[in-house]
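User: I am new to reading protein models, and I would like to go through one slowly with you. Could we take it feature by feature?

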Amino acid sequence: MRDRITSAVRGNTDLVGLLVLLLVVLVAYQHYDSSLLDPASVTILSAQFLPLILAAAGQTTVMLLGGIDLSLGAVLGLAMAVFATYDAHGAAGVVTAAVAALCAAVAAGAANGTLVAYAGLPPIVVTLAVSFLWSGVTLIVLPQPGGHVPGGLVNAYNNGWNGLAVPALVVALVLAAWKVLRTTRYGLALYAVGGNEHGAYASGLHTRGTKIAGYALAGAFTGLAGIGLAVQTGSADPTIGTPYTLNSIAACVLGGISFFGGVGRMRGTVLGALAIGLLTNLLLFTGISPFYQLIVQGVILVVALALKTYLTREAAV
Amino acid sequence: MNAGSVRGAVAVAASLCALAGISACDVQSDSSTAKSGASASAATAKDLKVGWSTIYLTPSWMQQTLKMMEGDVSKLKSAGKVSAFKTFNANGDTSQQIAQIRAMIQQKYDVIIVDAGSSTALNPALEQAVAAGITVVAFDSLPTSTKVIRVGTDQKAWGSMMATWLADKLKGKGSVIAMNGPAGVAVSEDRWAGAAAVFKKYPDIKIVSNVHSEYNLAPAAQAFASAYSAHPDIDGVFSQGGALSAAALQTLVKQDKKLVPVTGENYNGFLKMWRSHQKDGFSSLATAQPNYLAVIALEAAVAKREGVSVPQDITVPLPEITDKNLADYVKPDQPDDSYPINDLPQSEIDKLIGK
């Protein structure tokens, strides 16, 4: 038993640090908000964190391929705008709107992937350039905040549906789907191409196809995040997505996803996103002056990263 | 001691430090729960716990607004009506602002004042606050929800006021560069909608270029310079914000070109330039998004708690700064990046909030 625990800890040293941070944040949170573990609070918090978690999942997919997606916020805004401007009424309408929004986001992702794979441009340049393109398209779809999401759906998402935390369920489903995908040929190819592109090519993998599919998958995650944000806010706002670009990268880095590709796990990203979300909420509760909150947030991120790097160096050597 | 145990020690020490940090915060959390317990029982406006969530806090307009609000809070505090006032800065992130509003609901605030980062995205959170019995008042950048009290100026009237003046000045004929705020932002779109409706009535006025820019001097100057180099023979500039106007006028002055009329706002940098070039025949009309909107919002919230029937929508008249009364507004000794405005008399505030 002891051996099993030690070996589990050994294999997850990066995650253990993050879990400790998360635990500390949770304990502190409990002090300020004793209703933290009530079903109602779980619903409210998961409703709040879902967009960031899913956006970070999209960013993770791209980072595992050795890239970085600076257009994530813009694509998120695009999906949100498409979903809300469809003006859905009833279940069928919502499904159509969601499919349309997902298609838009997947197409945007695939376009990013194609540019990276075939034009041979660095991902940071490609995604920076297309971020302007996608925000322009978003403004054509939705020139100013507006759109409509059925009130029942907004209520079910934010306050629970028959006592179920819908957003938490969606995140669990997405994670399960990712777990299945990882064991498939494609999942292995994704890590292989990100870790060593030449090696993967030499072993007969279609590296370009893998990249395009990976960026498209990232688009799907981002699209879901955009739909989530639209349902959370009951509307769409063409400029609301921008902060998600950098926040999603922060969640990935904290979650142990390497900038160089091929290293990192989705569960780390989810924990990273949770830690960032809870931490910002916690700082609101403490009532520190708003400017100091930014400083504290930055310091905690740096310290957490430094500690994690130090504690896991052993594994890398 | 080998490397492994050093690492372990660091990990444990870090966790202990973190826990110590939390227990240090404990005292504060206890006192705040005690406070909220006390205020929940008070039905009238006594010892109210007030929170202000703003999408930005760093721009000078917001800093001035915060100062004006703090001044009013200290008045209300000495009258025993307000006991606590906290400011929350969302730093441009609307999702963060939603989290702030939810945090204030959980912490049982009595009054939430909000300067919204999105006209639609905050609605569910704000309506949840109203349902929890919290008095919610929005000012400046308003949400569309009809369940909260909204204190603002009419942005369309802003645009049409500027456009009407410019059209009169040009005698209904000429080419104009339009300087608007960022695309997709409600304030910018509304001001332009008001202006566009006016310009439509003057078929001889041509909008040769419609420029979108941040409400900041540097990007606006670049945007104007490129539009102006394409259309150097314009007869006027429609600008919907002070920094945009300053950027346009500054470019005309620097390039030593004809000082065509440029509409403006009470951005001190623009007012100063206007003043110093009045003798060269420069003419303008400016208005203001007055900082006292925040004070009216605060007073409206307190009045509402006192049982006054405060109107749901409070539209504050736009001030008019003209060639004649410019001297009353411009502050030559203050920095460019400030928005000179005089306090609104209490009698005017009372009239607006239905006292």
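User: In what sense do strand E6 and strand E7 of chain B pair, and over how many bridges?

Analyst: To read a strand pair, look at the direction of the two strands and then at the bridges between them. In this predicted model, strand E6 (residues 174-180) of chain B and E7(B) pair in the parallel sense, and seven bridges join them. To follow one of these bridges by eye, start at B:Ile177, whose bridge partner in E7(B) is B:Ser209.

User: Which strands form the sheet that holds this pair, and in what order?

Analyst: The order of a sheet is read across it, from one strand to its neighbour. Here three strands form an open sheet in the order E7-E6-E8 of chain B, with parallel pairing. Strand E7 (205-212) and strand E8 (236-239) of chain B each have a single partner strand and stand at the edges, so one side of each is left without a neighbour in the sheet. On average, and with direction ignored, neighbouring strands of this sheet are turned by 25° against each other.

User: Which helix packs on this sheet, and which strands does that helix touch?

Analyst: Helix H5 (residues 155-169) of chain B packs on the sheet, where it touches E6, E7 and E8 of chain B. The direction of H5(B) makes about 175° with that of E8(B), and since an angle over 145 degrees counts as roughly antiparallel, helix H5(B) and strand E8(B) can be described as roughly antiparallel.

User: How many strands form the sheet that includes E4 and E5 of chain B, and which are its edge strands?

Analyst: Six strands form this open sheet of chain B, in the order E2-E1-E3-E4-E5-E11, and the pairing is again parallel. The edge strands are E2 and strand E11 (313-315) of chain B, each of which pairs on one side only. From one strand to the next, the twist averages 15°. Within this sheet, strand E4 (residues 135-139) and strand E5 (residues 149-152) of chain B run parallel and are joined by three bridges, and B:Val137 stands opposite B:Ile149 in E5(B).

User: Which strands of this sheet do helices H2 and H3 of chain B touch?

Analyst: Helix H2 (residues 60-78) of chain B packs on the sheet and touches strand E1 (48-54) and E2 of chain B, with a direction at about 165° to that of E2(B). H3(B) also packs on the sheet, touching E1, E2 and strand E3 (111-115) of chain B, and its direction makes about 175° with that of E1(B).

User: At what angle does H3(B) pack with helix H13 of chain A?

Analyst: For two helices, read the angle, the distance between the axes and the handedness of the crossing. Helix H13 (residues 266-286) of chain A and H3(B) pack at about 45°, with their axes 10 Å apart, which makes H13(A) oblique to H3(B). The crossing in which H13(A) passes H3(B) is right-handed. On the chain A side, A:Thr280, A:Asn281, A:Leu284 and A:Phe285 in H13(A) meet B:Gln96, B:Ala99, B:Gln100 and B:Ala103 in H3(B). By class, this contact of H13(A) with H3(B) has four nonpolar, four polar and no charged residues.

User: How many residues of the two chains are in contact, and which element of chain B gives the largest share?

Analyst: An interface can be read by listing the residues on each side and then asking which elements supply them. Here 42 residues of chain B are in contact with 38 residues of chain A. Helix H1 (3-41), strand E2 (82-89), helix H3 (94-106), helix H4 (123-131) and helix H6 (186-199) of chain B are the elements that give two or more residues to the chain B side, and H1(B) gives the largest share, with 13 residues. By class, the chain B side has 17 nonpolar, 19 polar and six charged residues.

User: What confidence does the predictor give to chain B and to the complex?

Analyst: Confidence is best read both as an average and along the chain. The mean pLDDT of chain B is 89, and 88% of its residues reach 70 or more, but over residues 24-42 of chain B the pLDDT is below 50. Beyond near neighbours in sequence, that stretch has 22 contacts in the model. For the complex, the predictor gives an ipTM of 0.77 and a pTM of 0.80.

Definitions and conventions
Residues numbered from 1 in each chain as written. Chains lettered and ligands numbered in written order. Predicted model: local features only at pLDDT ≥ 70, side-chain atom pairs only at ≥ 80, totals over all residues. Contact = placed C-beta atoms within 7 Å. Helix = DSSP H or I, 4+ residues; strand = E, 2+ residues; numbered from the N terminus. Nonpolar A, V, L, I, M, F, W, Y, C, P; charged D, E, K, R; others polar. Pairing = 2+ DSSP bridges. Axes fitted to C-alpha atoms, helices over the stretch in contact; angles between N-to-C directions. Parallel < 35°, antiparallel > 145°, perpendicular 65-115°, else oblique. Left-handed = near helix turned anticlockwise from the far one by under 90°. pLDDT = per-residue confidence, 0-100.
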